[in-house]
Amino acid sequence: MKTIERKNYLDQLISGRGNGLIKIITGIRRCGKSFLLFNIFYDYLLSEGVRDDHIIKIALDDLLNEEYRDPRTLLLYIRGCIRDRSVYYILLDEVQMVKDFTGMLNSLLHIDNAEVYVTGSNSRFLSSDIATEFRGRGDEIRIYPLSFAEYLSAYDGDKLDAWRDYCMYGGLPLTMNIGTRQKKCSYLSNLYNSVYKKDIVERNAIKKEAEFDTLAKVMASSIGAPCNPTRLSNTFASVEHTEIRPETIGAYLSHMQDAFLLERAQRFDIKGKRYIGTLSKYYFTDVGLRNALLDFRQQEESHLMENIIYNELRMRGYLVDVGHVELRSYSKSKGTVRRQLEVDFVANNGSRRYYIQSALSIPDSEKMAQETASLMHISDNFKKVVVVKDNIVPWHNEDGILIISLFDFLLKPDCLEL
């Protein structure tokens with residue numbers, strides 16, 4: 001397998017040098033955090049002339065390093081390695097395994113000539129918690145499984161074959177080293193059950209594991225469908241003939257988000273400029289794990305494409321909501337009639353915003369009208385985009401809406417500016 005540079009994340013680590021903050025790499029297990037820190041960033045430091053004895057690397061999930069999970073032992077070891085006033089780079093993998101890791105990390109900040117980089121695999125490292133637990137002294141770098149562009153850079157084949165495999169097996173890096181379809185599927189299924197699910201069940205003391213399993217499969221089979229705990233509870237009662245309280249479902253969804261398996265996209269009223277606290281959409285951080293939950297039996301390309309577009313936007317640093325547009329009309333026979341239209345994604349990054357629709361294909365004008373209906377009723381001047389799987393040259397329709405191909409979107413980060 002070719003080396004995948006992961007340049008975007010390396011650039012973030014490099015730009016954090018000297019900022020006085022703890023650089024905290026977060027993300028789902030097995031997405032490449034350790035490799036990024038211990039290989040890619042480590043090699044970069046050596047190339048910049050940093051001496052090897054000024055780089056302190058400790059993998060805290062290694063049983064040989066179990067003693068360093070005690071914060072005092074770890075601090076004493078690190079301080080013992082620092083022998084001069086030159087800058088030392090402290091690289092700690094899976095730091096949440098240290099007891100009282102927050103106190104330990106805050107203690108490391110007292111070492112003036114140390115740059116601290118750590119990885120973590122659960123939601124205690126989300127930015128809101130960093131601000132609280134490290135008093136504004138943490139800098140989060142969130143990493144994801146391989147983007148399609150990263151995947152393609154190491155793939156032995158053309159982009160259509162790569163897309164087929166990416167939709168099936170996702171972007172966890174190790175899947176690219178596994179030869180056969182059967183072995184890839186087995187790897188992902190075993191990984192979900194032995195790592196992700198086990199971690200969630202044990203950490204949150206879930207007693208009714210079968211309930212959790214059923215909910216996870218329901219979420220996998222309905223990616224991109226609006227839902228909330230109450231609606232899901234009703235679904236279980238009517239379809240599964242099982243009673244699961246909305247509060248329990250809400251807790252299970254939170255646990256999956258905590259483990260970075262799922263992300264939630266909230267509904268945003270575009271005209272009212274406010275969030276609607278009713279239904280949300282959930283997307284899987286890795287579609288391969290989603291497919292493993294369903295034994296690789298449900299391969300609706302349109303839904304997988306929507307999930308992958310969502311992930312791509314998140315990788316590029318956008319906050320992503322689901323857009324809601326309400327239309328009102330009046331007739332003498334019916335009075336005021338309300339109609340609700342949806343925009344797949346409202347992507348925000350600073351002052352930039354894009355309204356984006358995902359469409360597998362637009363074969364005719366009727367389908368075009370259907371896909372752009374919600375966009376046509378947005379009165380602001382932010383850019384409106386439709387991403388299609390069709391192999392087309394980017395173009396603007398007469399209403400100024402940009403129509404681009406999926407592969408242009410995935411492989412050219414500046415394509416939204418066309």
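Let me start with helix α9 (residues 209-221) and helix α10 (residues 229-240), whose axes come within 12 Å and cross at roughly 100°. That makes α9 roughly perpendicular to α10, a label used for angles of 65 to 115 degrees, with under 35 counted as roughly parallel, over 145 as roughly antiparallel and the rest as oblique. Axes here are lines fitted to C-alpha atoms, for helices over the stretch in contact, and angles run from 0 to 180 degrees between N-to-C directions. Helices are DSSP runs of H or I with at least four residues, strands are runs of E with at least two, and numbering starts at the N terminus.

On the α9 side the contact is made by Thr214, Leu215, Val218 and Met219, and on the α10 side by Leu232, Phe236 and Glu240; contact means heavy atoms within 4.5 Å. By class, that contact has 5 nonpolar, 1 polar and 1 charged residues. Nonpolar covers Ala, Val, Leu, Ile, Met, Phe, Trp, Tyr, Cys and Pro, charged covers Asp, Glu, Lys and Arg, and the others, Gly among them, are polar.

A word on the model. It is predicted, so local features need pLDDT of at least 70 and side-chain atom pairs count only at pLDDT 80 or more, while totals for chains, interfaces and linings use all residues. Residues are numbered from 1 along each chain as its sequence is written, and side-chain values use heavy atoms, with hydrogens and water left out. The chain averages a pLDDT of 92, and 95% of the residues score at least 70; pLDDT is the predictor's confidence in each residue, from 0 to 100. Among the elements of the chain, helix α5 (residues 127-133) has the lowest mean, 55, and helix α15 (residues 406-411) the highest, 98.

Next, a second helix pair. The axes of helix α7 (residues 159-169) and α13 come within 10 Å and cross at roughly 90°, which makes α7 roughly perpendicular to α13. Trp163, Tyr166 and Cys167 in α7 meet Glu301, Leu304, Met305, Ile308 and Met315 in α13. This contact holds 7 nonpolar residues, no polar ones and 1 charged.

Now the empty space. On a 1 Å grid over the protein atoms alone, a cavity is a set of points where a 1.4 Å probe fits but cannot get out; a pocket is an open set with protein on both sides within 12 Å along at least five of seven lines; lining residues have an atom within 4 Å of a point. Grid points are joined across faces, edges and corners, and a volume is the space filled by probe spheres set on the points.

How many cavities of 30 Å³ or more does the structure hold? There are 2. About 60 Å³ lies in the largest. Its lining includes Tyr166, Ile308 and Met315, residues that also appear in the contact of α7 with α13. Helix α13 (residues 301-315) gives the largest share of that lining, 3 residues. The second largest cavity, about 40 Å³, is lined by Ile28, Arg29, Ser121, Tyr196, Asp199, Arg203 and Ala259.

Last, the pockets. The largest has a volume of about 930 Å³ and is lined by 41 residues, with Arg142, Glu263, Arg264, Arg314 and Leu319 nearest its centre. Its lining divides into 16 nonpolar, 17 polar and 8 charged residues.

The second largest pocket has a volume of about 700 Å³. Of the 25 residues that line this pocket, Arg30, Cys31, Gly32, Ser34 and Leu174 are the closest to its centre. Which element gives the most to the lining of the second largest pocket? That is α8, with 5 residues. By class, the lining has 9 nonpolar, 6 polar and 10 charged residues.
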